[in-house]
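Ready for a few exercises on a protein model? Take a look at the picture first, then try each task before you read its solution.

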Amino acid sequence: MQNNNMTAQQFVDSGVKFTPHTFQVPLDYSDESKGTIQVFARALSLVEDGDSQKPWLVYFQGGPGFPSPRQNGYNGWVKRVMQQYRVLLLDQRGTGNSSVVNHQTLAHLTPQQQADYLAHFRADNIVRDAEFIRQQFGVQQWAILGQSFGGFCSLTYLSMFPESLSRSYITGGVPSVSRHPDDVYHATFKRTMEKNQAFFQQFPKAQQLCQRIADHLATNQVLLPNGQRFTVEQFQQIGINFGMSDTFLPTYYMLENALIEVEGKTELRYEFLNSMLMEQSFQTNPIYAILHESIYCQGFASNWSAHRVRQEHPEFNYRSGQAFYFTGEMVFPWMFDQYETLKPLKQAAELLAEKSDWTPLYNAQQLANNTVPVSCAVYADDMFVEIDISRETLATIPNAKAWITNEYEHNGLRVDGERILDKLIAMGEHTAAMR
């Protein structure tokens, strides 16, 4: 059921009309007795279009566990898309203005109740929410755009409700439809090492700085501004930034000013520690940590896949006197012992890591019979989504075309979205014309 009481909060900015919508959707679509949650979406349309009936495009955010972007200005990919579409920015369940999942909202539940609740926050139910909204809007078909994890959601949508889709655009997010997460992490650890090597080759002094910081953390109790002990493992996790463009130099600048001398003793500067806390998105978006590995699971448990695979790459387990390497987009069980807002969710995270009866996210047979034009930007040097796995998947999906490029990193949509969407839209039109 849609709640229209937010219409009064509609506003206009830069010639774009922003209209909020809230919906009460089932927590569990197979058992509505479990109650409902709220899902929020914001519609964007051009003021100059008036009551134009342009088709809709729904945006699926990367993550999992992050809200849709808060568009600021008529620019980027939104500018290109709105030439042809009205846009719906969906706050995926558990994020943004949808019923929020965090350590506060889960505190009243037992660990088993937390795990049972969180099991309903994967791509299949995100897609069911979108389909629920489509029906509420009375729309026969709409287009979808998925960035990163949003691309995973797109393949789930193509598997479950292909008749509801006119076009699918994917940027940096074509997953395997069958592989175990171990395969994914073997590939991403390799990519992460390549990014490390490129960084330290460009900034040789950074290796010494990283070792000094890591050694200091290993031998001293250093607290972040929230009172949490800062560790070598947490420091390594800022390597996730290497999957984005133009992050090497800012990282070096940060390392360069990390250490100070106070009365003859080495300390870590408060500015550095504060920036390290700001890097820890797990603190405010726990779905990312708790459900990250489950996005690869269908009928099997992850059993802390990244942690197990990491043991086959001992170079990432820093020891004093050895080379230092950052990690990437991986989650580890120790995070639930160290991060303040994840500690209350440790038992639930363990239960979900052991869960083996995950339902399918993709229908390989349906994808093999796909008729929806699918246009993908696949980044050759993507640190998070392995190009070889993406190509493997796309080879099995008819009417799916890929633009493979090394011009962008994983965040290409944010960096040059207008150009990228222009190309993907043109590809989709060509595919449709050839059918």
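Helices (H or I, at least four residues) and strands (E, at least two) are DSSP runs, numbered from the N terminus. You're working with a predicted model, where local features need pLDDT of at least 70, side-chain atom pairs count only at pLDDT 80 or more, and totals for chains, interfaces and linings use all residues. Residues are numbered from 1 along each chain as its sequence is written, and side-chain values use heavy atoms, with hydrogens and water left out.

**Exercise 1. Find the loops that hold N303 and P64, and say what the backbone does there.**

Step 1: Look between α10 (286–291) and α11 (305–310); N303 sits in that loop. Its phi is near 50 degrees, a positive value in a residue other than glycine.

Step 2: Now go to the loop between β5 (56–60) and α1 (76–81), where you'll find P64. The peptide bond leading from G63 to P64 is cis, with omega near 10 degrees.

**Exercise 2. Work out how domain 1 and domain 2 meet.**

Step 1: Get the bounds, which come from an automatic or database domain assignment. Domain 1 is 11–178 + 362–434, and domain 2 is 181–354. Their C-alpha centres lie 28 Å apart.

Step 2: List who touches whom, taking contact as heavy atoms within 4.5 Å. Domain 1 puts in 36 residues and domain 2 puts in 35 residues.

Step 3: Look up the buried area, meaning the accessible area (1.4 Å probe) that two parts lose on being put together, summed over both. Here that is about 3200 Å², with 65% of it on carbon and sulfur atoms.

Step 4: Check the charges. A salt bridge is a side-chain nitrogen of Lys or Arg within 4 Å of a carboxyl oxygen of Asp or Glu. Between domain 1 and domain 2 there are 2 salt bridges.

Step 5: See which helices take part. On the side of domain 1 that touches domain 2, α2 (111–118), α4 (149–160) and α15 (387–394) each supply at least two residues. The most come from α2, with 5 residues.

**Exercise 3. Which residue forms a salt bridge with R167, and why does the pair tie together parts far along the sequence from each other?**

Step 1: The partner of R167 is E429, and their closest N and O atoms are 3.4 Å apart.

Step 2: R167 belongs to strand β8 (residues 165–171) and E429 to helix α16 (residues 412–434), so the pair links parts that are 262 residues apart in sequence.

Step 3: For a second example, try E409, which forms a salt bridge with K195 with the closest N and O atoms 2.9 Å apart. The full count by this rule is 19 salt bridges.
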